[in-house]
Amino acid sequence: MSLLHWLITLLAAALSFGSVTLLGRSLPRVSWPGVAGELLTFALLGVLLTQGAPVYALLAVMLAGSAGTALVLGRLLKS
């Protein structure tokens with residue numbers, strides 16, 4: 001995997017985690033920066049898919065999004 005794939009993977013993972021936490025922080029309203037972050041994450045995942053990145057790169061992005069979702073759900077369930 002090239003350096004460019006790693007950089008795109010790290011950027012997508014950070015965006016995935018950050019945008020999910022932004023979306024969860026402003027519930028029940030919509031966080032437009034969170035929506036924009038999700039759209040950029042999907043665009044970067046599309047780039048990774050079309051450039052032939054390995055599956056573990058995509059898995060890293062999905063795990064970061066899942067960690068953000070778990071954090072948000074934990075906050076919501078505590079309150």
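1. Contact here means heavy atoms within 4.5 Å. On that basis Leu 48 touches His 5, Ile 8, Thr 9, Ala 53 and Leu 58, leaving out residues up to four places away in sequence. The model is predicted, and the points below should be read as such.

2. The core. Leu 48 belongs to the largest nonpolar core, which has nine residues. The other members are Ile 8, Ala 12, Leu 44, Leu 45, Ala 53, Ala 57, Leu 58 and Val 61. Three helices each supply at least two residues of this core: helix 1 (3-25), helix 2 (32-50) and helix 3 (55-78). As background, nonpolar side chains tend to be buried together in soluble globular proteins.

3. Helix 2, length. The helix has 19 residues, and at 1.5 Å a residue these should span 27 Å. The end C-alpha atoms are 27 Å apart, so expectation and model agree.

4. Helix 2, buried side. Its buried residues are Gly 34, Gly 37, Glu 38, Thr 41, Leu 44, Leu 45 and Leu 48. Viewed down the helix axis, they fall within an arc of 125 degrees, so they line one face. The cover over these buried residues includes helix 1 and helix 3. Note that Glu 38 is on the buried list.

5. Helix 2, other side. The face turned away from the buried side carries exposed residues. They are Trp 32, Leu 39, Phe 42 and Thr 50. Just after the helix, Gly 52 takes a positive phi of about 80 degrees.

6. Aromatic pair. The structure holds one. Trp 6 and Tyr 56 form it, with 6.3 Å centre to centre and 40 degrees between the planes. The pair counts as tilted because its angle is neither under 30 degrees, as for stacked, nor over 60, as for edge-to-face. Distant parts of the chain are linked this way: Trp 6 sits in helix 1 and Tyr 56 in helix 3, 50 residues apart.

7. Are the two partners buried or exposed? Neither label fits. Trp 6 has 40% relative accessibility, so it counts as partly exposed. Tyr 56, at 48%, is partly exposed too. The cut-offs behind this are under 20% for buried and over 50% for exposed.

8. The loop between helix 1 and helix 2. Ser 31 lies in this loop. Its relative accessible area is 8%, so Ser 31 is buried. Which residues does Ser 31 contact, leaving aside neighbours within four places in sequence? They are Leu 22, Leu 23 and Ser 26.

Methods: Residues are numbered from 1 along each chain as its sequence is written. This is a predicted model: local features need pLDDT of at least 70, side-chain atom pairs count only at pLDDT 80 or more; totals for chains, interfaces and linings use all residues. Side-chain values use heavy atoms; hydrogens and water are left out. A nonpolar core is a set of buried Ala, Val, Leu, Ile, Met, Phe, Trp, Tyr and Cys residues joined through side-chain atoms within 4.5 Å. Buried means under 20% relative accessible area, exposed over 50%, partly exposed in between (1.4 Å probe, protein chains only). Helices (H or I, at least four residues) and strands (E, at least two) are DSSP runs, numbered from the N terminus. Rings of Phe, Tyr and Trp (its six-membered ring) pair if their centres lie within 6.5 Å; planes under 30 degrees apart count as stacked, over 60 as edge-to-face and the rest as tilted. The expected span of a helix is 1.5 Å times one less than its number of residues. The arc is that of the directions from the helix axis to the C-beta atoms.
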